[in-house]
Amino acid sequence: MTPDALKVADDLVVSMHYTLTLDDGEVVDSSVKGDPLQFLQGFGQIIPGLEKELYGMAIGDNKKVVVAAVDGYGEIDPDAFQVVPRSIFPEELDLEEGMGLRMRDQASGQLIETYVAEIRADEVLLDFNHPLAGEVLTFDIEITGLRAASDEELAHGHVH
Ligand code: ZN
């Protein structure tokens, strides 16, 4: 098979330019001013709703892919909100709604990302949903490169 005949399939390294737009027209992410995104197809390295639309595309192909929230970052989980006392934060920390915070999970000890959803008198409502949860994602993509992955890349599960 010649390189031009390659089409997106599992175990290929895909290079792709993308622009991600939300329903309200806000562009939240784009690769076009920098290097294309590189990933191994079929390894779940990009969101599933986008990955499955790439199969069969060739270098130079463009596509608009609309991904429902459930195939993107998930629906907003109403159980992923938590009220905490304002006093757990340092007094000098200037809390603002929408602000991202890193908290250490008491059980696992891992750092997790959360967002300030609401500031009340003595309490703060934290939102542990992904910031793009509940959003319909529109990707404008262009395949810019395709190649076979090396054995080492396949063994490691990422592009070198
Ligand atoms: Zn590696």
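This passage walks through the domains, cores, strands and zinc site of the structure shown above.

The model is a predicted one, in which local features need pLDDT of at least 70 and side-chain atom pairs count only at pLDDT 80 or more, while totals for chains, interfaces and linings use all residues. Residues are numbered from 1 along each chain as its sequence is written, and side-chain values use heavy atoms, with hydrogens and water left out.

The protein chain is assigned two domains: domain 1 covers 3–73 + 133–156, and domain 2 covers 78–127. These bounds come from an automatic or database domain assignment. Taken over C-alpha atoms, the centres of domain 1 and domain 2 are separated by 33 Å.

It is helpful to start with the nonpolar interior. A nonpolar core is here a set of buried Ala, Val, Leu, Ile, Met, Phe, Trp, Tyr and Cys residues joined through side-chain atoms within 4.5 Å; buried means under 20% relative accessible area, exposed means over 50%, and partly exposed lies in between (1.4 Å probe, protein chains only). The largest such core has 22 residues, and Met-16, Leu-50, Leu-54, Leu-137, Phe-139 and Ile-141 have the most contacts inside it. At least two residues of this core come from each of strand 1 (12–21), strand 4 (62–67) and strand 9 (137–148). Strands (E, at least two residues) and helices (H or I, at least four residues) are DSSP runs, numbered from the N terminus. A second, separate core has eight residues, among them Phe-89, Leu-95, Leu-101 and Leu-126. In soluble globular proteins, nonpolar side chains tend to be buried together.

Leu-137 gives a good view of the surroundings of the largest core. With neighbours within four places in sequence left aside, its contacts (heavy atoms within 4.5 Å) include Leu-20, Leu-22, Ile-47, Val-65, Val-67, Tyr-73 and Leu-132. Just ahead of strand 1 comes Asp-11, whose phi is near 70°, a positive value in a residue other than glycine. Most residues other than glycine have a negative phi. Asp-11 counts as partly exposed because its relative accessible area is 38%.

Turning to the second domain, strand 6 (residues 100–104) shows an alternating pattern: Leu-101 and Met-103 point to one face and are buried, whereas Gly-100, Arg-102 and Arg-104 point to the other and are not. Strand 6 pairs with strand 7 (residues 111–119) in the antiparallel sense over five bridges, where pairing requires that DSSP finds at least two bridges between the strands. Within this pair, Arg-104 has Leu-111 as its bridge partner, and Arg-102 has Glu-113. The two strands form a hairpin with six residues between them, and Gly-109 in the turn has a positive phi of about 80°.

Strand 7 also runs antiparallel to strand 8, to which four bridges join it. Here Ile-119 is bridged to Val-124 of strand 8, and the hairpin passes through three residues. Ala-121 sits in the loop between strand 7 and strand 8 (123–127), and counts as exposed because its relative accessibility is 73%. Its C-alpha lies 8.1 Å from that of Arg-86, although 35 residues separate them in sequence.

Phe-81 belongs to strand 5 (residues 81–85) and is partly exposed because its relative accessibility is 32%. Phe-81 and Asp-127 are 46 residues apart in sequence, yet 4.6 Å apart in space, C-alpha to C-alpha. Not counting residues up to four places away in sequence, Phe-81 also touches Ile-76, Ala-117, Leu-125, Leu-126 and Asn-129.

The zinc ion brings the description to the later part of the chain. Its protein donors are His-156 (ND1), His-158 (NE2) and His-160 (NE2), at 1.9 to 2.2 Å, with the spacing H-x1-H-x1-H. Donors are N, O and S atoms within 2.8 Å of the metal (3.2 Å for Na, K and Ca), and sites may look incomplete because water is not among the atoms. His-156 is partly exposed at 43% relative accessibility, as is His-158 at 37%.

Glu-153, in helix 2 (residues 151–156), is buried because its relative accessible area is 2%. Beyond residues up to four places away in sequence, Glu-153 touches the donors His-158 and His-160, together with Val-13, Leu-40, Arg-147 and Val-159. A polar atom of the Glu-153 side chain lies 2.9 Å from the backbone nitrogen of Ser-150.

Conventions:
A polar contact is a pair of N or O atoms within 3.5 Å; within protein, one must be able to donate a hydrogen and the other to accept it, and residues adjacent in sequence count only if both atoms are side-chain atoms.
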